[in-house]
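Please open the structure in your viewer and keep the sequence panel in sight, since this tour moves from one selection to the next.

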Amino acid sequence: DPDEILKNRTHREIVTEARQKLSRHVNNNNANDYYFMKILGEGSFSTVFLCHEIPSNGMYAVKVMTKDTIRREKKLAHVMREKDIMASLTHNFGGHPFIIKLRCAFQDDRRLYFVIKVARYGELYDLLRELNTFDDYTTFFYASEIVAALNFIHRCRIVHRDLKPENILINDNWHILISDFGSAKIVGNKEQEALESEEYETRKAQIQSRGSFVGTAQYAAPEVLSSKCASYEADFWALGAIVYQMLAGCAPFRAPNEYHIMRRVMNLEYEMPENFSPVTKDLIQKLLVIDPMKRLGSLEMGGTLAVRDHPYFNDVDWENIAYRRTPDLM
Ligand code: ATP
């Protein structure tokens, strides 16, 4: 039973093992093994390329970061955390079909490279923008895939903390691949918590002095915006905001700038569209709850199992979720 195995291993042990598995690749690969074909996307300090891995003849996404930029932007801890968490999620219990997989990582004098599974259809965000809204089945399909992925991520004692349509990628079979673990947190990791409490003080000072929140507040739970102790429940708040957006075509908390979005989040100021079905409204209302302990998905409210038991997900066969009819999107 995977849960039994987890109980007996510390997170440090799990990460060390994942790192060892990864290091087999680390020593072998270098940039000359890849033919860089085109840019798939750009982050604030990285560029992601579609690449042909010549020795294996496979196609991968390669995230390239220059060491100078990482140093200048003070992103080393962020990048290392992303690599460790991706490695851990790739190797724990053989990984999960709805979570991005890290194939290998390597570096040269100037750059760091993460070789990851390619998501052929890009971001859920772009798909949604193209279609404006999703129909009921498509929303149900993606909402339940997100729940299945969160169940796995949380079992690995990780909180994503930045779940949003931009970080949910779509693979070649139209299933999701959750990505961007740079803001994720390993629950119970004292070193990270100490570091973050310093980061939190800086961020609080920034909010107070400039009146602006750094990041995107649209899917961030109130405790992510206002305190340092966000845990698993934060990902369920994001789920509520994403389900709302898939059906309505816009996020529940909207305002001209991040600061005002943040105020709306803190005051739970949003309107529920009349055309949402009663069961959908009930799900969203139970997820968008200010008090994390009273939010559906919190340990106090029965954890991920309680989310899976919500009537909205009645028709999901959780064991075979990766083999369902995919929505008709093309
Ligand atoms: P930031 O660092 O600013 O938060 P980010 O985390 O989205 O941005 P990257 O992880 O570098 O930055 O990703 C940049 C873009 O590349 C993404 O928005 C996505 O569109 C694309 N991308 C990332 N990974 C993949 C992948 N595995 N397959 C296809 N496209 C990808």
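What follows is a walk through a predicted model, with a short stop at each selection.

**First stop: three paired strands**

Begin by selecting residues 47–53, which make up strand 2; 5 of its 7 residues are buried, so this strand is largely enclosed by the rest of the structure. Add residues 34–42, which form strand 1, and you will see that strand 1 and strand 2 pair in the antiparallel sense over 7 bridges. To find one of these pairings, show Tyr 35 together with His 52 of strand 2, its bridge partner, and then follow the chain through the 4 residues of the hairpin that joins strand 1 to strand 2.

Next, add residues 58–66, which are strand 3 and pair with strand 2, again in the antiparallel sense, over 7 bridges. Here Thr 47 stands opposite Val 64 of strand 3. Strand 2 and strand 3 also form a hairpin, with 4 residues between them, and in that turn Asn 57 has a positive phi of about 65 degrees.

**Second stop: two helices side by side**

Now select residues 136–155 for helix 6 and residues 233–248 for helix 9, whose axes come within 10 Å and cross at roughly 165 degrees. Because an angle over 145 degrees counts as roughly antiparallel, helix 6 and helix 9 are described as roughly antiparallel to each other. If you turn the view to look along the line from one to the other, the crossing of helix 6 and helix 9 is right-handed.

**Third stop: two arginines in loops**

From helix 6, move on to Arg 157, which sits in the loop between helix 6 and strand 6 (158–159). The phi of Arg 157 is positive, near 65 degrees, although this residue is not a glycine, and with a relative accessibility of 25% Arg 157 counts as partly exposed.

Then select Arg 161, in the loop between strand 6 and strand 7 (168–170). Arg 161 has a positive phi of about 70 degrees, and at 18% relative accessibility it counts as buried. Most residues other than glycine have a negative phi.

**Last stop: helix 10**

Finally, select residues 258–266, which form helix 10, and show the side chains of Ile 261, Met 262 and Val 265, which are buried. They cover an arc of only 100 degrees around the axis, which puts them on the same side of helix 10. At the N-terminal end, Asn 257 caps helix 10, with a side-chain oxygen 3.1 Å from the backbone nitrogen of Tyr 259. Just after helix 10, Leu 268 takes a positive phi of about 50 degrees.

Definitions and conventions:
Residues numbered from 1 in each chain as written. Predicted model: local features only at pLDDT ≥ 70, side-chain atom pairs only at ≥ 80, totals over all residues. Heavy atoms only, no water. Buried < 20%, exposed > 50% of the residue type's maximum accessible area, 1.4 Å probe, protein only. Pairing = 2+ DSSP bridges. Arc of directions from axis to C-beta. Polar contact = N/O pair within 3.5 Å; in protein donor to acceptor, adjacent residues only side chain to side chain. Axes fitted to C-alpha atoms, helices over the stretch in contact; angles between N-to-C directions. Parallel < 35°, antiparallel > 145°, perpendicular 65-115°, else oblique. Left-handed = near helix turned anticlockwise from the far one by under 90°.
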